[in-house]
Amino acid sequence: MICEYNGRLPQIDSTVYIAEDAVITGDVTIGPYSSVWFKTVIRGDVAPVRIGEKVNIQDLSMLHQSPNQPLIIEDGVTVGHQVTLHSAHVKKDALIGMGSLILDGAEIGEEAFIGAGSLVPPGKVIPPRTLVFGRPAKVIRELNEDDYKELDRVRTTYIEKGQVYKKQQAK
């Protein structure tokens with residue numbers, strides 16, 4: 001469901017796959033070849049949500065914001081199942097693991113890997129190219145070539161799957 005809120009209708013590129021039971025409302029922009037999966041909610045009714053290209057927002061995720069604090073998700077980001085993102089900035093090619101919470105003012109560095117179930121508290125800055133895990137999240141180590149391959153595999157798989165689902169939806 002795509003809803004207008006207070007005169008703002010989401011701006012979604014024509015190549016984006018959106019599951020039929022996802023909800024997107026208000027001041028939301030989604031770039032090319034991104035995907036929004038089953039039962040995900042993206043509410044742009046407090047501040048803007050900006051989602052780049054080739055981003056996947058997986059099942060049961062919730063994206064929202066606090067006043068005057070936009071949510072920014074740069075290109076190539078993977079947001080795992082049941083993630084909450086709230087007024088954060090997730091930089092290019094990062095991966096947010098399943099069940100994680102990323103809170104107001106947090107900044108996730110480029111190609112960072114946030115392990116499943118992590119809590120990134122308000123204002124925390126996660127360095128680029130690191131594996132981070134825990135509640136609260138702590139840097140475990142720097143990423144290696146195998147990690148980068150896995151990040152790319154997940155991203156590519158979701159781009160491909162999203163386009164398959166989009167074609168099926170058009171029938």
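Biologist: Leaving aside neighbours within four places in sequence, which residues is Thr 40 in contact with?

Modeller: In this predicted model, Thr 40 touches Ala 22, Val 23, Ile 57, Gln 58, Asp 59, Leu 60 and Ser 61, with residues up to four places away in sequence not counted. Its place is the loop between strand E5 (35-36) and strand E6 (41-51).

Biologist: Is Thr 40 buried or exposed?

Modeller: The general idea is a cut-off: a residue under 20% relative accessible area is called buried. Thr 40 has a relative accessible area of 0%, so it counts as buried. The side chain of Thr 40 also reaches a backbone nitrogen, that of Ser 61, at 3.5 Å.

Biologist: Where is Ser 118, and what does its side chain meet?

Modeller: Ser 118 sits in the loop between strand E16 (113-114) and strand E17 (119-120). With a relative accessible area of 0%, Ser 118 is buried. A polar atom of the Ser 118 side chain lies 3.1 Å from the backbone nitrogen of Gly 134. Beyond four places in sequence, the residues that Ser 118 touches include Gly 99, Val 132 and Ala 137.

Biologist: In what order do the 8 strands of the open sheet run?

Modeller: Strands of a sheet pair through backbone hydrogen bonds, in either a parallel or an antiparallel sense. Here the order is E3-E5-E7-E10-E13-E16-E19-E20, and the pairing is mixed. Strand E3 (17-18) and strand E20 (137-142) are at the edges; each has a single partner strand, so one side of each lacks a neighbour in the sheet. The pairing of E3 with E5 is parallel, over 2 bridges, and Tyr 17 stands opposite Ser 35 in E5.

Biologist: How many salt bridges are there, and where is the one between Asp 93 and Arg 155?

Modeller: The general idea is a side-chain nitrogen of Lys or Arg within 4 Å of a carboxyl oxygen of Asp or Glu. By that rule the count is 11. Asp 93 and Arg 155 meet at 3.6 Å, N to O. This pair links distant parts of the chain, 62 residues apart: Asp 93 is in the loop between strand E12 (89-90) and strand E13 (95-96), and Arg 155 is in helix H1 (residues 145-170). Both residues, Asp 93 and Arg 155, are buried.

Biologist: Why does the pair of Glu 111 and Arg 129 tie together parts of the chain?

Modeller: Their side chains form a salt bridge at 3.5 Å, N to O. Glu 111 lies in the loop between strand E15 (107-108) and E16, and Arg 129 in the loop between strand E18 (125-126) and strand E19 (130-134), so the parts joined are 18 residues apart in sequence. Glu 111 is partly exposed at 24% relative accessibility, and Arg 129 is partly exposed at 35%.

Notes. Residues are numbered from 1 along each chain as its sequence is written. This is a predicted model: local features need pLDDT of at least 70, side-chain atom pairs count only at pLDDT 80 or more; totals for chains, interfaces and linings use all residues. Side-chain values use heavy atoms; hydrogens and water are left out. Helices (H or I, at least four residues) and strands (E, at least two) are DSSP runs, numbered from the N terminus. Buried means under 20% relative accessible area, exposed over 50%, partly exposed in between (1.4 Å probe, protein chains only). A polar contact is a pair of N or O atoms within 3.5 Å; within protein, one must be able to donate a hydrogen and the other to accept it, and residues adjacent in sequence count only if both atoms are side-chain atoms. Contact means heavy atoms within 4.5 Å. Two strands pair if DSSP finds at least two bridges between them.
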